[in-house]
Amino acid sequence: MKYVIIGNGAAGIHAAEAIRESDSEGSITMIGDETINPYCRPMISLLLEGAIQPDKLPIRGSDFYDNLKIRPVLGKRVSGIDVDNKIVFIQNGERNLRSVLAHLLDKLMSVTGVKPDPVKAGNSETAFTYDKLLIATGADPRPVKVGGQDLENIFYMRTETHVREISEAVPNVRNALVLGGGPVGFKAAYGLMQCNINVTIIEREDRLFPLRADETASGMILEEVSAHDLKVKLGTEVTSFEGTRKVESARLSDGTEIPCDMAVICIGVLPALSFVPRDKIQVDLGILINPQMETTAPGIFAAGDVAEMTDIARKTPWVNAIWPEATAQGRIAGTNMAGRRSVEYKGSLGRNTIHIFGLDLMTGGLINPPSDDPQYEILSHSDPRLKTYRKLVFREDKLVGMIMVNSVEQGGVLLSLIQSETPFRVPKELLLEPSFNYGQLLT
Ligand SMILES: Cc1cc2nc3c(=O)[nH]c(=O)nc-3n(C[C@H](O)[C@H](O)[C@H](O)COP(=O)(O)OP(=O)(O)OC[C@H]3O[C@@H](n4cnc5c(N)ncnc54)[C@H](O)[C@@H]3O)c2cc1C
């Protein structure tokens, strides 16, 4: 069996390990455009703030590929897939004579019973045949498309390379803008502040963490960051960057101009699937997958930030671009690709835990349900004196969402109740109590 995995991030790595647990013989080729050892992407902001050294970032050692008999093809970007003939092309490797010949040779070898090897072409290799393919390419930063976007000192923050570039520029920076007031934007802003840079977050919506919090929690976050000198401009966005070589200022849609000598763009991500043939593999926002992580094309699987599947809380297809989803989905995909047994994933679930200066925020599931839908019931409790807030969202007798600010006790239990879709036969108000004994639910 020939496995090809595109992407050596969390989903790809966990898939490769799951494949090897079931199939010790098949060939595994991993193609990834980053060249460093597999690493923990959520921790790159800790590099920026100086809380860790680069050696703390990898999630697997340099012997990972050898130990699992994986053939790494790193520093290469996949540019296309021939679904009918089961070939993956890397950049500059579109259907050229070499790859077609290699494919024919490969087919011939399998017909004659000789175990086919990956298409071999050394460094100039352009095509890889597969029996089972995993697309685990994660996400690309959502780009800004405004005048001056190519000026120096304007960065994204998705990869270890991005953070290295930001860190190199930091010594000459005094005022930075961070575009985007979500968790990644906050992490970038916090990291820059630790480098003694004045930071202003520009958020297009009228509140911080618009996708991960509700109005109350967003208000508490705004209060907390403002108390720590992190400036925020809400309800406005950058319309152009100005400068000669480097960025010097940004014009905003509210008519103001803010001086800055760096900008970091954190306005969300988009599944990295530009190479995916949409006539063969169904795509919505992400690549649509079933509970076995299969796409609509036979033998092709997808997992992680690039994939879209039923969200447990929403009951609709959704891309939950978070680390625990990527690892879990990768494992399921790998197990099913190896084919010894079939496992199903119940569905994905959005969740986030973050420390914002002195404030703890934990969210999960559907936190802002449609206000006019009678299926939903919201219970909440806040204590302005203790600065705590707990909100639970129920759909009929099941918990489907939660927000907790500075009162995250039992948060893990509540998340698992959302995931397991446990029906409640006790008064729902009890769940608002941080000290509620969840064992009572099982009686
Ligand atoms: C700053 C930051 C903070 C974050 N914080 C959190 C957090 O606190 N909690 C949390 O749960 N999640 C967090 N995340 C999100 C988390 O990192 C992702 O959900 C996770 O890394 C997704 O894993 P993945 O394997 O799907 O994709 P990735 O980790 O993106 O791996 C995909 C790999 O494929 C490569 N690739 C893409 N296209 C191609 C191609 N055409 N050819 C070859 N290779 C390609 C990419 O370069 C990448 O190396 C954070 C992300 C960032 C950037």
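K86 sits in the loop that joins β4 (78-82) to β5 (87-90), in what is a predicted model. This lysine is buried, because 22 other C-beta atoms lie within 10 Å and the cut-off for burial is 20 or more. The backbone at K86 also deserves a look, since its phi is near 55°, a positive value in a residue other than glycine. Most residues other than glycine have a negative phi. K69 offers a second case, with a phi near 50°. Here the residue belongs to the loop between α3 and β3. Unlike the buried K86, K69 is exposed, because it has 12 other C-beta atoms within 10 Å and a residue with 12 or fewer counts as exposed.

At the level of the whole chain, the protein is divided into domain 1 (2-139 + 270-338), domain 2 (143-267) and domain 3 (366-442). Domain 1 is thus written as two segments. Taken over C-alpha atoms, the centres of domain 2 and domain 3 are 33 Å apart. Contacts between these two domains involve five residues of domain 2 and eight residues of domain 3. On the domain 2 side, the touching residues divide into three nonpolar, one polar and one charged.

The ligand brings two of the domains into the same picture. Both domain 1 and domain 2 give residues to the shell around the ligand, so the ligand lies between them. The shell holds 34 residues, and the closest to the ligand are G7, G9, P42, G138 and G304. By residue class, the shell contains 18 nonpolar, nine polar and seven charged members. Several helices and a strand take part: at least two shell residues come from each of α1, β2, α2 (44-49), α6 (183-193) and α8.

Helix α1, one of these contributors, can be checked against simple helix geometry. The helix covers residues 10-22, and its 13 residues should span 18 Å at 1.5 Å a residue; the end C-alpha atoms are 19 Å apart, which agrees. Buried positions in α1 include A10, A11, G12, I13 and H14, and also A15, A16, A18 and I19. The buried residues of the helix pack against four strands and a helix, namely β1 (2-6), β2 (27-32), β3 (70-74), β7 (132-135) and α8 (323-338).

Turning to the nonpolar interior, the largest core comprises 64 residues, of which A176, V178, A263 and V264 touch the most other members. Beyond residues up to four places away in sequence, A263 touches I154, A176, L177, L179, F241, V247 and A250. Apart from this core lies another, of 52 residues, with A15, M293, A307 and V319 among them. A15 is also one of the buried residues of α1.

A few individual positions help to fill in the fold. G50 lies in the loop between α2 and α3 (64-67), and it is exposed, with 12 other C-beta atoms within 10 Å. Although G50 and Q194 are 144 residues apart along the chain, their C-alpha atoms are separated by 7.7 Å. V269, in strand β17 (residues 269-271), gives another example of this kind: its C-alpha atom is 8.3 Å from that of P143, 126 residues away along the chain. V269 is partly exposed, with 18 other C-beta atoms within 10 Å. Leaving aside neighbours within four places in sequence, V269 contacts A139, D140, P141, R142, D305 and A321.

The sequence and spatial separations of F64 and V78 make a useful contrast to read alongside these pairs. F64 and V78 are 14 residues apart in sequence, yet 22 Å apart in space, C-alpha to C-alpha. F64 is part of helix α3 and counts as partly exposed, with 19 C-beta neighbours inside 10 Å. Not counting residues up to four places away in sequence, F64 touches N37 and P38. Q91, found in the loop between β5 and α4 (97-111), is likewise partly exposed, with 13 C-beta neighbours inside 10 Å. Q91 touches K76, R77 and S79, again not counting residues up to four places away in sequence. From Q91 to T159, the C-alpha to C-alpha distance is 20 Å, with their positions 68 residues apart in sequence numbering.

Conventions: Residues numbered from 1 in each chain as written. Predicted model: local features only at pLDDT ≥ 70, side-chain atom pairs only at ≥ 80, totals over all residues. Core = buried A, V, L, I, M, F, W, Y, C linked by C-beta atoms within 7 Å. Contact = placed C-beta atoms within 7 Å. Expected span 1.5 Å × (residues − 1). Near = placed C-beta within 6 Å. Nonpolar A, V, L, I, M, F, W, Y, C, P; charged D, E, K, R; others polar. Domains from an automatic or database assignment.
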